[in-house]
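Q: Please take a close look at one part of this structure, the sheet of one chain. Which strands pair there, and what packs on them?

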2 protein chains.
Amino acid sequence: MKKYQLMAPGPTPVPSQALLAMAQPMIHHRTPEYEALFTEVRRGLARIFQTQTDVVPLACSGTGAMEAAVVNTLSAGDTVAVVRAGKFGERWVEIGKAYGLNVIELAAPFGQTVPAERVAEALGKTPSIKAVLTQHSESSTGVLHDVRGFAAVTRPTDAILIVDAVSSLAIANLETDAWGVDVVVAGSQKGLMLPPGLGFCALSERAWARAKTSTLPKYYFNLIQERAFVVKSEAHFTPAVSIIVGLREVLRMLEAEGLPQVFKRHDRLARATRAGVEALGLELFAKATPSPALTSVHAPRGVDAEKIVAAFSKTHNITIAGGQGEMKGRIFRLGHMGYAAEFDTISALAALEQVLAELGVPVDFGASVRAAQKVFAEKP
Amino acid sequence: MKKYQLMAPGPTPVPSQALLAMAQPMIHHRTPEYEALFTEVRRGLARIFQTQTDVVPLACSGTGAMEAAVVNTLSAGDTVAVVRAGKFGERWVEIGKAYGLNVIELAAPFGQTVPAERVAEALGKTPSIKAVLTQHSESSTGVLHDVRGFAAVTRPTDAILIVDAVSSLAIANLETDAWGVDVVVAGSQKGLMLPPGLGFCALSERAWARAKTSTLPKYYFNLIQERAFVVKSEAHFTPAVSIIVGLREVLRMLEAEGLPQVFKRHDRLARATRAGVEALGLELFAKATPSPALTSVHAPRGVDAEKIVAAFSKTHNITIAGGQGEMKGRIFRLGHMGYAAEFDTISALAALEQVLAELGVPVDFGASVRAAQKVFAEKP
């Protein structure tokens with residue numbers, strides 16, 4: 001028996017509480033039952049998004065919510081600046097171009113970030129920039145971008161800040177209202193521990209005002225129309241009912257743990273993973289500003305990273321992820337987000353040791369586990 | 001104890017086989033496991049859609065798939081003809097207008113249909129029409145439109161036929177390839193017996209050719225890009241994994257039953273429901289061409305239809321639906337689609353009798369049940 005373990009940077013494992021809640025008989029979405037469910041969910045979402053405004057759920061994956069953010073706040077020909085330092089930064093560029101935006105790329109090599117000063121510089125140089133688009137956690141590289149810094153330089157300008165928090169919501173602290181982030185985009189399958197299929201957009205009042213003048217065509221993703229239903233705890237179009245049912249469960253779990261502790265847990269798991277990986281002599285890919293959602297690691301010299309991913313799966317029934325785009329074969333990525341705890345990290349590191357040994361890399365068995373345990377033994 | 005029964009025109013009950021399959025641990029979508037799952041699903045979908053071409057699933061509800069059909073096959077300024085005879089016909093009009101199409105409305109009063117001759121006439125009068133858009137089953141009114149007839153008149157022209165089959169797929173016969181339907185749009189939560197959250201588009205080669213020249217902006221719903229992944233049994237963006245897992249189960253169930261029998265079952269349930277309703281002296285709303293997916297019924301004189309819906313729910317824990325838009329308060333709708341069988345219909349009719357009696361309408365108890373049983377007793 002090899003127990004299946006999902007340790008990829010999303011989708012992440014779903015807790016049994018949510019799986020079983022979603023396995024209950026289907027309910028209809030135009031009923032008092034659904035309204036009661038959604039009223040609780042709305043309150044919980046506002047707390048998790050750290051905002052006073054309405055969080056709008058959409059039946060789509062994270063990319064759909066990214067598109068919704070763009071088509072509701074911008075118009076064809078608008079100039080935007082995109083922080084591009086990974087596959088998901090590239091996705092912002094692609095969406096912008098698909099909708100006829102004039103995209104200024106603030107690029108950094110994969111594995112690195114773009115300092116807030118560069119964003120400020122771009123805004124100073126091109127005052128017509130209508131929006132800055134970025135990831136919070138760039139899950140293709142494992143880098144956490146400085147959203148707080150971006151917000152500080154965006155806020156005094158006419159540009160709104162649109163943040164893809166798909167792999168950071170309920171993982172890394174993101175103070176939407178307090179920092180002045182205008183649009184936060186998220187998905188269900190990362191920190192929220194649910195199956196994929198739900199996207200979210202949270203807009204500041206500044207962003208809602210923009211939505212009124214945006215001329216990009218939209219229908220399914222029309223957030224102004226959807227919001228009119230959300231405030232009544234209803235949905236414009238048929239919602240992903242079962243995932244909303246699961247959402248109530250995970251929101252209760254997150255509420256019970258407390259958001260500060262949720263962030264602390266992810267930070268500990270990330271630090272333990274990094275310590276373990278380095279104890280094996282491996283090199284971290286995202287050195288300066290690693291994300292607490294996942295750890296990206298250079299494959300040892302002479303080893304194809306895809307072989308490491310395959311061995312995790314074939315020999316140990318554990319799903320991790322390889323590199324994406326230009327990093328394919330060069331890095332592997334260990335997820336530790338959402339429904340992840342200390343002994344998942346211990347298992348992942350022990351498996352990594354065994355996989356490396358199987359691939360002929362000399363390994364001091366237990367070294368990475370020991371390093372992780374030392375992190376876990378630290379006083380909180 | 002009041003057992004909960006979902007008898008609305010979608011979402012519909014989900015069989016336990018699918019609920020429990022979806023409650024299994026989450027799997028990752030970039031793995032051989034997912035590819036094997038999706039390979040089976042692809043084959044099953046092609047059979048259910050009665051097409052040789054690739055059916056493209058999208059993580060969205062039916063409306064998202066409707067929008068995908070439009071933005072992939074048309075360009076701004078194109079003229080389209082819309083069969084508008086209910087709320088979902090209106091939705092085609094709204095989507096068309098949101099994307100700058102020139103919409104010719106072929107309207108009929110709610111509860112009626114538009115004859116194929118009127119479509120032919122419109123095509124003759126306006127040869128620039130690029131597409132005809134229609135529902136198959138208009139679930140707001142309970143009418144089944146003559147898609148076969150529409151296809152016959154559309155096929156010889158340059159116009160493609162786009163059919164919203166959200167509430168007819170795996171319910172009413174729709175021979176996509178044989179009839180020459182160019183785009184079939186569907187959702188997961190009706191005949192496919194799944195939770196909402198998956199949409200589908202099946203395009204003919206003629207429609208795929210159109211997709212190459214369509215200039216409407218799109219990214220998340222770009223079907224050409226998505227198809228490139230579908231043919232490899234992969235997905236461009238994170239798919240709604242759990243619903244795809246459930247889809248394998250329901251496709252196996254539908255396969256075991258056999259598509260002709262699936263259509264026959266729905267036809268029998270619909271005929272039994274109509275016979276039962278008429279045995280109570282109630283008037284059907286969709287007289288000429290009723291849908292096998294649902295039965296829409298005029299409330300008895302002097303009774304608010306919303307009160308009937310409320311009594312079903314409050315007294316008997318059964319969800320049915322009222323009228324939508326202009327029909328609110330005037331009709332109620334009984335769904336009998338998807339995971340629905342004879343004794344569900346019997347229950348619905350018995351409950352209807354009890355509800356009417358509770359609302360002070362004179363009722364001959366058992367009359368509607370008897371009428372339905374006579375239909376069920378007919379030789380197949």
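A: In β4(A), A:L106 is the bridge partner of A:V83. The model is predicted, and local features need pLDDT of at least 70, side-chain atom pairs count only at pLDDT 80 or more, while totals for chains, interfaces and linings use all residues. Residues are numbered from 1 along each chain as its sequence is written, and chains are lettered from A and ligands numbered from 1 in the order in which they are written.

Strand β3 (residues 79-84) of chain A and β4(A) run parallel, joined by six bridges. Two strands pair if DSSP finds at least two bridges between them. Strands (E, at least two residues) and helices (H or I, at least four) are DSSP runs, numbered from the N terminus.

Now the whole sheet. It is open, has seven strands and mixed pairing, and follows the order β2-β10-β9-β8-β5-β3-β4 in chain A. β2 (55-59) and β4 (102-107) of chain A stand at the edges with a single partner strand each, so one side of each has no neighbour in the sheet. From one strand to the next, the twist averages 20°.

Two helices come next. Helix α3 (residues 62-73) of chain A packs on the sheet and touches β2, β5 (129-135), β8 (160-164), β9 (183-187) and β10 (198-203) of chain A. Contact means C-beta atoms, placed from the backbone, within 7 Å. The direction of α3 makes about 160° with that of β9(A). Axes are lines fitted to C-alpha atoms, for helices over the stretch in contact, and angles run from 0 to 180 degrees between N-to-C directions. Helix α5 (residues 116-125) of chain A also packs on the sheet, touching β3, β4 and β5 of chain A. Its direction makes about 150° with that of β4(A).
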